[in-house]
Amino acid sequence: MPKEPFIYGIRPVIEALKSGKEIDKILIQKGLRGEGFHQLFGYIRELEIPSQFVPAEKLNHLTHQNHQGVIAYISDISYQKLEYLIPFAYEQGRMPFFLLLDRITDVRNLGAVARTAECAGIDGLILPLKGSAQINAHTVKTSAGAIYKLPVCRSASLKEAIVFMKNSGLKIYAATEKAVTNYTSADFTQPLALVMGSEEDGISEEILKIADELIRIPLQGEIGSLNVSVASGILLYEVLRQRNEGVQK
């Protein structure tokens, strides 16, 4: 697997941000100060770039060059804006169909979900700005390259993204074992977004509270949850099944 592409140094990273280069995450050395740092941090906050303060040892492990306390990972994809994707779906005569991933931190799970989502023809994959797996070489490989063909959005707040979707006419379904409604009883023949969470933590309570409907996949065995990529596949193709049956009727 190739190493993750990154750039280093305060000025090169600032210039990359100014030029519109897509950045996945920026690592900043703890205790870094100075005018250059404050300028960089201003861009980070303005552009809502995920950042993390780390010990100097971590940066030194990544490169032996003069990194000046800053390393930025270059994104493998160009991110889209949700406020453009929803109107575009309506304009194309499609019934909007989005997938939101909450607290999915494993890159292989993210890649597997992206592969199925692309095959299902969703209009966009929405990830939180923080607390999500990075889209890197591992994600690309696991997705079989599907991540390149899928519109992906990053949101500083999934809650705000959901509110925007609801105001745009989408119904929000959240998959959780806490639900009573079986997923086959839900009506997926309308504009919608599915929210999926990790096997370990599920969907946050904040998101569950504002979802329009909670749905569950019934389990017959002793294991308490499905892998998120498997669960996503079941629900995504139930949406397609219902919509295809509606067209046929």
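# Close-ups of a predicted model

**View 1. Strand β8 and its two partners.** Strand β8 is mostly covered, with 4 of its 5 residues buried. Keep in mind that this is a predicted model. On one side, β8 runs parallel to β10, and 4 bridges join the pair. Look for A174 here: it stands opposite V195 in β10. The other partner is β11, which pairs with β8 in the parallel sense over 3 bridges. To find that pairing, start at A175, whose bridge partner in β11 is I215.

**View 2. The whole sheet around β8.** Pull back a little and you get an open sheet of 7 strands. In what order do the strands of the sheet come? Reading across, it goes β7-β6-β5-β10-β8-β11-β9, with parallel pairing. The edges are β7 and β9 (181–182), each of which pairs on one side only. Between β5 and β6, which run parallel, there are 3 bridges. L100 is a handy spot to check, since you'll see it opposite I126 in β6.

**View 3. The largest nonpolar core.** This core holds 37 residues. Those touching the most other members are L99, L101, I122, L125, L194 and I215. Several elements each supply at least two residues: β5 (97–102), α5 (107–119), β6 (124–128), β8 (171–175), β10 and α9. Which element gives the most to this core? That would be α9, with 6 residues.

**View 4. Zooming in on L101, with a second core.** Set aside the neighbours within four places in sequence, and L101 is in contact with L110, V113, L125, I126, L127, P128, L158 and M196. Apart from the largest core lies another one, of 21 residues. Among its members are I86, F98, L158 and A161. So L158 is a residue to look for twice: as a contact of L101, and as a member of this other core.

**View 5. S155 in strand β7.** Is S155 buried or exposed? S155, which has its place in strand β7, is buried because its relative accessible area is 14%, and the cut-off for buried is under 20%. Leaving out neighbours within four places in sequence, S155 is in contact with I126, L127, P128, L129 and A161. Two of these names may ring a bell: I126 stands opposite L100, and A161 belongs to the core of 21 residues.

**View 6. The largest pocket.** How much space lies in the largest pocket? About 670 Å³. Its lining is made up of 24 residues, and L47, E48, Q80, K81 and R154 are the ones nearest the centre. Three elements give two or more residues to the lining: α4 (82–91), β7 (152–155) and α7 (158–167). Sorted by kind, the lining has 13 nonpolar, 4 polar and 7 charged residues.

**View 7. E48, beside the centre of that pocket.** E48 is among the residues nearest the centre of the largest pocket, and it sits in the loop between α2 (35–47) and β3 (51–54). Its phi is near 55°, which is a positive value in a residue other than glycine. E48 has 44% relative accessibility, so it counts as partly exposed.

**View 8. The second largest pocket.** This one has about 440 Å³ of space. Which of its 22 lining residues are the closest to its centre? They are A175, T176, E177, S225 and L226. You've already met A175 as the bridge partner of I215. β10 (192–197), β11 (213–216) and α9 (228–248) each bring at least two residues to the lining. By kind, the lining has 10 nonpolar, 6 polar and 6 charged residues.

**View 9. A137 and A144, two alanines at and after a helix.** A137 lies in helix α6, which covers residues 137–142. At 14% relative accessibility, A137 counts as buried. For a sense of scale, take Q29, which is 108 residues away from A137 along the chain: their C-alpha atoms are separated by 24 Å. A144 lies in the loop between α6 and β7. Although A144 is not a glycine, its phi is positive, at about 60°. Why does A144 count as exposed? Because its relative accessible area is 53%, and exposed means over 50%.

Technical notes: Residues numbered from 1 in each chain as written. Predicted model: local features only at pLDDT ≥ 70, side-chain atom pairs only at ≥ 80, totals over all residues. Heavy atoms only, no water. 1 Å grid on protein atoms, 1.4 Å probe; cavity = no way out; pocket = protein on both sides within 12 Å on 5 of 7 lines; lining within 4 Å. Points joined across faces, edges and corners; volume = space filled by probe spheres on them. Nonpolar A, V, L, I, M, F, W, Y, C, P; charged D, E, K, R; others polar. Core = buried A, V, L, I, M, F, W, Y, C linked by side-chain atoms within 4.5 Å. Buried < 20%, exposed > 50% of the residue type's maximum accessible area, 1.4 Å probe, protein only. Contact = heavy atoms within 4.5 Å. Pairing = 2+ DSSP bridges.
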